[in-house]
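Subject: Handing over a structure

Dear colleague,

Here is the structure that I promised to pass on to you. Please open it beside this message, and go through the notes below with the residues in view.

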Amino acid sequence: MNKIRAMLATALIATSGVGAVPAYAQFAKPEDAIDYRKSVMTVLSAHFGRIGAVVKGVNPYSAAEVQANAAIVEMMSKLPFDAFIPGTDKGDTRAKSEIWTNAEKFKASGEQMQKAVLALSAAAKSGSPDQLKAAFGDVGKTCKGCHDDFRRK
Ligand code: ASC
């Protein structure tokens, strides 16, 4: 019985990927978690901004480029949250303590952003500049909403 349990546990860990290890165990130091999430945000913002340049008419519309940027935004949108480990509102960060004291609202804000980003990806794949523009605006609102509530000025 114990052997079966051990085998099942091993199989579970093997199939569940990085999630099997607690997120906080993946950063040696709190500063590493802060660096990680800021780096993710930098890349996220860079590629979201490239879509923005197209939406605002600064750069010409290219379906391929928009899709490539949206794919990066989508991947980045999944990454920051595991790095908001408790205690990391101190240090070289603008993270507010409300992230942890109002964790449910923070989680909901993140999920809203991720959902809007999925719609952005779909809009990028649609090939319609109008859909892209609308989806871009929706994502921007979720960025701003979360920053207003959870990021220091
Ligand atoms: C960006 C960026 C943000 C959001 C926000 C949208 O490109 O860096 O924080 O968009 O400005 O309102």
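Is Thr42 buried or exposed? Thr42 is exposed, because its relative accessible area is 53%, and a residue counts as exposed when that value is over 50%. Before going further, please keep in mind that what you have is a predicted model. Thr42 lies in helix 2, and its C-alpha atom is 9.6 Å from that of Met76, although 34 residues separate Thr42 and Met76 in sequence.

Overall architecture

The protein has six helices and zero strands, so that, read from the N terminus, the order of its elements is α-α-α-α-α-α. Of its 153 residues, 31% count as buried.

The ligand and its surroundings

The shell around the ligand is made up of Ser45, Phe48, Gly140, Cys143, Lys144 and His147. By character, these shell residues divide into two nonpolar, three polar and one charged. Where do they come from in the fold? Helix 2, which runs over residues 30–55, and helix 6, which runs over residues 129–150, each supply at least two of the shell residues, and the largest share, four residues, comes from helix 6.

Three distances describe how oxygen of the ligand is placed against polar atoms of the protein. From an N or O atom in the side chain of Ser45, an oxygen atom of the ligand is 2.7 Å away. For Gly140 the partner is a polar backbone atom, which lies 3.3 Å from an oxygen atom of the ligand, and for His147 an N or O atom of the side chain lies 3.3 Å from an oxygen atom of the ligand. On its own the ligand has 320 Å² of accessible area, and the protein covers 59% of it.

Helix 6 in more detail

Since helix 6 supplies the largest share of the shell, I looked at it with some care. Why does the length of helix 6 agree with what should be expected? At 1.5 Å a residue, its 22 residues should span 32 Å, and the C-alpha atoms at its ends are 31 Å apart, which agrees.

The buried residues of helix 6 are Leu132, Ala135, Phe136, Val139, Thr142, Cys146 and Phe150. When you look down the axis of helix 6, these buried residues fall within an arc of 125 degrees, so they line one face of the helix. The face turned away from that buried side carries the exposed residues Asp130, Lys141 and Lys144, and Lys144 is also one of the residues around the ligand.

Gly137 is also found in helix 6, and it is partly exposed because its relative accessible area is 29%, a value that falls between the limits of 20% and 50%. The C-alpha atoms of Gly137 and Gly52 are 9.0 Å apart in space, while the two residues are 85 residues apart in sequence.

Another pair to look at involves Leu132, one of the buried residues of helix 6, and Ala63, which lies in helix 3. Their C-alpha atoms are separated by 10.0 Å, with their positions 69 residues apart along the chain. Ala63 itself is partly exposed, with a relative accessible area of 29%.

The loop between helix 3 and helix 4

Helix 3 covers residues 63–77 and helix 4 covers residues 98–101, and Thr88 lies in the loop between them. Is Thr88 buried or exposed? Thr88 counts as buried, because its relative accessibility is 1% and the limit for buried residues is under 20%. The side chain of Thr88 reaches the backbone oxygen of Ile85 at 2.5 Å.

Asp89 has its place in the loop between helix 3 and helix 4 as well, and at 14% relative accessibility Asp89 counts as buried. The C-alpha atom of Asp89 is separated by 10.0 Å from that of Arg152, and the two residues are 63 residues apart along the chain.

As you read through the model, it may help to begin with the residues around the ligand, among them Ser45 and His147, and then to follow helix 6 from its buried residues to the exposed residues on the face turned away from them.

With best wishes

Technical notes:
Residues numbered from 1 in each chain as written. Predicted model: local features only at pLDDT ≥ 70, side-chain atom pairs only at ≥ 80, totals over all residues. Heavy atoms only, no water. Near = heavy atom within 4 Å. Polar contact = N/O pair within 3.5 Å; in protein donor to acceptor, adjacent residues only side chain to side chain. Areas by Shrake-Rupley, 256 points an atom, 1.4 Å probe, with all protein chains shown as cover. Nonpolar A, V, L, I, M, F, W, Y, C, P; charged D, E, K, R; others polar. Expected span 1.5 Å × (residues − 1). Buried < 20%, exposed > 50% of the residue type's maximum accessible area, 1.4 Å probe, protein only. Arc of directions from axis to C-beta.
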